[in-house]
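Thanks for making the time this morning. I would like to walk through one structure with you, taking a helix to begin with, then the contact between the chains, and then some details of the backbone.

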There are 2 protein chains.
Amino acid sequence: MLYVIGLGLSDEKDITVKGLEAVTKCERVYLEAYTSILMVSKERLEDFYGKTVITATRETVELESDEILRDADQVDVAFLVVGDPLGATTHTDLLLRAQARGIKTETIHNASIMTALGSTGLQLYNFGQSISIPFYTDSWKPGSWYDRLEENLKFGMHTLVLLDIKVREQSEENFIKGKLIYEPPRFMNPATAIEQILYTEDERHPPPQLAKDENAPASPASSRASTPAPEDYPTYLPPANTLAMTLSRIGTPTQRIISGTLAELAEMSEEDFGGPLHSIVIVGKRIHPLELEFAGRFCVNGEQGNWWKVAKEVYGVQRETFDY
Amino acid sequence: MLYVIGLGLSDEKDITVKGLEAVTKCERVYLEAYTSILMVSKERLEDFYGKTVITATRETVELESDEILRDADQVDVAFLVVGDPLGATTHTDLLLRAQARGIKTETIHNASIMTALGSTGLQLYNFGQSISIPFYTDSWKPGSWYDRLEENLKFGMHTLVLLDIKVREQSEENFIKGKLIYEPPRFMNPATAIEQILYTEDERHPPPQLAKDENAPASPASSRASTPAPEDYPTYLPPANTLAMTLSRIGTPTQRIISGTLAELAEMSEEDFGGPLHSIVIVGKRIHPLELEFAGRFCVNGEQGNWWKVAKEVYGVQRETFDY
């Protein structure tokens, strides 16, 4: 049996009871270590499971899956994935390979950033498609993620932005020389992500072509009761008029959520956000007052910040008084 | 401390190790029993936790939250939610109430249908906003969910359709008489959901107004490499030309996924889908060949069905040969 087991978001105790029972009876235990990370070391997992854990790199999983699947029709093998195991294509691929070899498979689900982002107060059913932003280089600044974002904005949906992770990358020099020396892992910080978002925003909608003054509040959506027409929602991101949230280490004891306008968040430093993992949410125009209220509790400049002002003047959502 | 703890999708062992440790030290344990259900009884949870579990109805949570939060600044209280605890507004509301009373809160995340639907082979980041379909009655057939669906279809996104659950509903007669007698719980079956989807589809796009013959394959999306223009994606659901999937009891041992055209799925009976919980996915036009391949493994009429034909002729996605 191949068990594909989600580990959740923070530490060794985020595995489910069912997942833990499966791990402890497996002959070999692999840990997928390239799409995400836990906040604890592999050694801590090994102590907790009482098992040796084998790190599975991207190369192992994609090119040497035969080794992972070896004898799995006779013995139990565990493949551990941070978050929920079926969030990324690469793992459904492993399941297909197993099944093609007549190996039984069982998936044990767990929390993922895709549901844990409910901690922002934004409702999961209001999110559109998710996007991923890669590290830009001097010569490579792909903006294809922007197309997806534009589509979500068009209908007022929220957007989860996943930030790049670089694990076991070779430097260009080592790659050319064929040296298997890897750079230290890199995890994109919201400061970098927002810089890149505003860079691509600027490329797509350079200020001279802007229909409206970027700093002036746009007209509020006409009515909250009916669905505003798509034209009500600008499909670009004027920094002073766009609400966003940064999500750091969600589901861990040091979780930090910050909300504000993109312009406000752009003024923060890497240190403000702290260590990985991070993601970002671009708030859609169809935000509900209760979502606004909860998300506003995290706003960067408190009552003096622009969160409530932009919500009212640009998003057309009045702050309501909730009786707690 | 108020612990809001996700229970995952299937049975008592889907709680995380961290969640279980929290429950066992709590003085009072509430189980939210109106937005979802586990596949096991409350008694089985009680045996597993070694604790009495109090059922929290919608009325308890929304109107009597003071009782749930009583003394929670001094003792530990657990509020258990099937799936991930922050999927529904009602639970963020409880967190806000707790915080307004100076009560510390901790959320322990878990798997939710929103991530477990990766079991379909469809990629989570390709899903647009989720919709919920309520039970239609003779006089009440609200189609507002269709607006959201149309928006997703317009950009080729997949759509998760959550099906209605009725727990502790009174009959009209008992309601009028003020009798607190509740009907047996009802869980919408995909057979009913598809019937209702096609009913509203028909209302929105009655056959005479159809621009194209419903049974004729539409022109395939021009190119997979670039984003097809939105016009390439019809924003309605011709049953013979729309790919969909039913998801039954996801994350449980009797999980069943079926894929096919809406017309094929509409021919199936309630018994084909079995017991609750169920949901449905409407497949977006931007489906990737690897998603198509995985999802096609569940297709209702196998190679003789219309899955591959419609994928090719309507969705414009060629079946590729994957080397496993």
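Let me start with helix H12 of chain A, residues 289–296, which is mostly covered, since eight of its eight residues are buried. Going along H12(A), the buried residues are Pro289(A), Leu290(A), Glu291(A), Leu292(A), Glu293(A), Phe294(A), Ala295(A) and Gly296(A). I should say at once that this is a predicted model, so please take each value I quote as computed from predicted coordinates.

A second helix to set beside that one is H1 of chain B, where six of the eight residues are buried, so H1(B) is largely enclosed by the rest of the structure. The buried positions in H1(B) are Val17(B), Lys18(B), Gly19(B), Leu20(B), Ala22(B) and Val23(B).

That brings me to the interface. How many residues of chain B are in contact with chain A? There are 55 of them, and they meet 57 residues of chain A. Between them the two chains bury about 5000 Å², and 59% of that area is on carbon and sulfur atoms.

On the polar side of the account, eight salt bridges are counted between chain B and chain A. In one salt bridge the side chain of Lys18(A) meets that of Asp14(B), with 3.1 Å from N to O. Across the same interface of chain B and chain A, 24 residue pairs are found in polar contact, with both residues of each pair at pLDDT 80 or more.

Which helices of chain B supply at least two residues each to the side that touches chain A? They are H1 (17–24), H5 (89–100), H6 (113–116), H7 (144–154) and H12 (289–296). H5(B) gives the most to that side, with eight residues. By residue class, the side of chain B that touches chain A divides into 20 nonpolar, 20 polar and 15 charged residues.

Now to the backbone, where a general reminder may help: most residues other than glycine have a negative phi, and most peptide bonds are trans. Against that background, a cis peptide bond joins Pro276(A) and Leu277(A), with omega at about -5°, and Leu277(A) lies in the loop between helix H11 (270–273) and strand E12 (278–282) of chain A. In chain B, a cis peptide bond joins Pro276(B) and Leu277(B), with omega at about 0°, and Leu277(B) is placed in the loop between helix H11 (270–273) and strand E12 (278–282) of chain B.

As for phi, Arg249(A) has a positive value, near 50°, in a residue other than glycine. Arg249(A) sits in the loop between strand E10 (243–248) and strand E11 (256–261) of chain A. Is Arg249(A) buried or exposed? Arg249(A) counts as buried, because its relative accessibility is 11% and the cut-off for buried is under 20%.

In chain B, Arg168(B) has a positive phi of about 55° although it is not a glycine, and its place is the loop between strand E8 (165–166) and helix H8 (172–176) of chain B. With a relative accessibility of 35%, Arg168(B) counts as partly exposed.

Finally, a word on the cysteines. The count of disulfides over all chains comes to zero. Of the cysteines in chain A, I would mention two: Cys26(A) is buried, with a relative accessible area of 1%, and Cys299(A) also counts as buried, at 12% relative accessibility.

Key. Residues are numbered from 1 along each chain as its sequence is written. Chains are lettered from A and ligands numbered from 1 in the order in which they are written. This is a predicted model: local features need pLDDT of at least 70, side-chain atom pairs count only at pLDDT 80 or more; totals for chains, interfaces and linings use all residues. Side-chain values use heavy atoms; hydrogens and water are left out. A disulfide is a pair of cysteine sulfur atoms within 2.5 Å. Buried means under 20% relative accessible area, exposed over 50%, partly exposed in between (1.4 Å probe, protein chains only). Contact means heavy atoms within 4.5 Å. Buried area is the accessible area (1.4 Å probe) that two parts lose on being put together, summed over both. A salt bridge is a side-chain nitrogen of Lys or Arg within 4 Å of a carboxyl oxygen of Asp or Glu. A polar contact is a pair of N or O atoms within 3.5 Å; within protein, one must be able to donate a hydrogen and the other to accept it, and residues adjacent in sequence count only if both atoms are side-chain atoms. Helices (H or I, at least four residues) and strands (E, at least two) are DSSP runs, numbered from the N terminus. Ala, Val, Leu, Ile, Met, Phe, Trp, Tyr, Cys and Pro count as nonpolar, Asp, Glu, Lys and Arg as charged, and the others, Gly among them, as polar.
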